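Reader: Could you take me through the surroundings of the ligand in careful detail, and then through the sheet that you think deserves a description beside it?

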Amino acid sequence: MLKGRKSVIGLDLGGSCIKAVEITRDKYDYIITGYGQVEIQNEAARPEAIRELFEQCRFKTKKVVTSVSGKSVIVRYINMVQMTPENLESAIRFEADKYIPFDLEEVQLECQKLMDLPVEEGGASPEMKVLLVAVKRSLVEEQARMLIDLGLQPIAIDVDAFAIGNAYELKESLSPGLSEEGKISGLVDIGANKTCINILKNNISLFAREVYLGGNDLTNAITRRMGVDIYQAEAMKKDPQDRENEVHEAITPVIEDLGNEINLSFDFFENQYDGSVNHVFMSGGSALLPGLEEDFEALFEKKTRVWNPIEGLKIRSDNVDIESLNCSALQLAVSVGLAARAV
Ligand SMILES: Nc1ncnc2c1ncn2[C@@H]1O[C@H](COP(=O)(O)OP(=O)(O)OP(=O)(O)O)[C@@H](O)[C@H]1O
Ligand SMILES: [Mg+2]
């Protein structure tokens with residue numbers, strides 16, 4: 001039925017869970033034609049876990065888009081004099097070492113004009129806002145090598161925070177309802193090791209940052225405070241049953257730390273731009289934490305909700321377990337965003 005249509009797999013190499021979503025494009029429809037995920041204990045387990053996942057999932061394609069994240073990825077939003085894209089390419093090489101804490105020889109640089117900035121009265125030449133991304137070349141090469149060794153075809157490598165932005169943009173184009181013209185959305189994806197923040201206005205990313213706190217910190221807090229092992233703590237975090245008060249007490253300091261870090265990013269953004277974040281939209285497995293929407297809404301003093309990155313996409317039910325896809329939907333923002341960009 002979908003023969004000859006373009007398909008791409010978004011492969012999210014999460015710290016605790018690898019997610020793969022195959023999207024096939026059919027005119028205006030985006031169809032999930034394959035899906036699978038597998039938990040991993042550590043990074044060393046990645047290649048074997050990916051191999052098994054691809055054996056099980058019966059994907060149509062070997063084309064994959066993955067992403068990088070972490071401290072080897074630097075994202076900066078800089079002001080530069082307005083110029084053509086060609087001139088920007090060469091100008092950025094001279095500017096970049098001001099912003100990048102690595103040897104430029106070691107990094108892959110990408111830049112993109114985001115928008116023209118308003119001209120100040122009596123000011124100098126008109127400026128523009130530019131997104132600058134630098135990734136340690138070794139990280140990109142290692143990741144590509146691993147995928148090629150597994151028989152896959154990596155066609156692009158993105159950054160987690162931008163993939164989440166892509167998924168949000170796709171969701172809003174297929175099933176509008178979250179964004180309003182001119183309003184600012186704060187996307188917050190809370191994973192196992194980290195939380196990605198991407199602030200968007202009219203689908204343009206104006207700020208992105210990672211905070212190195214996530215679900216593992218919640219689990220560890222329960223382990224320490226309640227004297228249970230990591231597996232029991234993980235289960236109690238998801239469903240505390242009759243120990244709700246103890247679990248809540250154990251994790252509250254971590255939730256406050258994470259919330260304060262996110263709030264600092266919102267403050268930083270508000271100081272840079274004329275405008276403040278209107279709504280917060282959460283994804284990532286840890287956004288399922290019972291009561292988190294209410295806790296964060298109180299802390300941020302902004303409407304805070306989870307959103308569904310697969311809303312509006314069609315699903316091919318003969319190759320996708322719809323129930324488990326829906327159960328894990330919150331975890332799929334990165335993988336959907338990765339596939340959506342390339343398909
Ligand atoms: N119902 C739930 N309640 C609370 N936490 C949950 C729930 N379900 C999953 N999690 C947590 O979500 C995390 C996994 O989410 P996700 O797949 O988004 O992370 P990841 O992508 O592997 O991590 P990272 O983005 O940090 O690399 C784990 O820490 C897990 O404990
Ligand atoms: Mg993740």
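Author: In this predicted model, ligand 1 is surrounded by 20 residues, and the closest of them are G14, G15, G191, G215 and G285. Two elements, α5 (215-226) and α6 (230-238), each give two or more residues to this shell, and α6 provides the largest share, which amounts to three residues. Sorted by class, the shell around ligand 1 consists of twelve polar, four nonpolar and four charged residues. Residues of the shell come both from domain 1, which is made up of 6-70 + 139-178 + 308-342, and from domain 3, which covers 209-304, and ligand 1 therefore lies between these two domains.

Turning to the sheet, five strands form an open arrangement in the order β11-β10-β9-β12-β13, and their pairing is mixed. The edges are taken by β11 (204-211) and β13 (303-306), and because each of these has a single partner strand, one side of each is left without a neighbour in the sheet. Between neighbouring strands of this sheet the average turn is 20°, with direction ignored. Within the sheet, the pairing of β9 with β10 can be followed down to individual residues: β9 (residues 184-190) and β10 (residues 195-201) run antiparallel and are joined by seven bridges, and V188 has I197 in β10 as its bridge partner.

Definitions and conventions: Residues numbered from 1 in each chain as written. Chains lettered and ligands numbered in written order. Predicted model: local features only at pLDDT ≥ 70, side-chain atom pairs only at ≥ 80, totals over all residues. Near = placed C-beta within 6 Å. Helix = DSSP H or I, 4+ residues; strand = E, 2+ residues; numbered from the N terminus. Nonpolar A, V, L, I, M, F, W, Y, C, P; charged D, E, K, R; others polar. Domains from an automatic or database assignment. Pairing = 2+ DSSP bridges. Axes fitted to C-alpha atoms, helices over the stretch in contact; angles between N-to-C directions.
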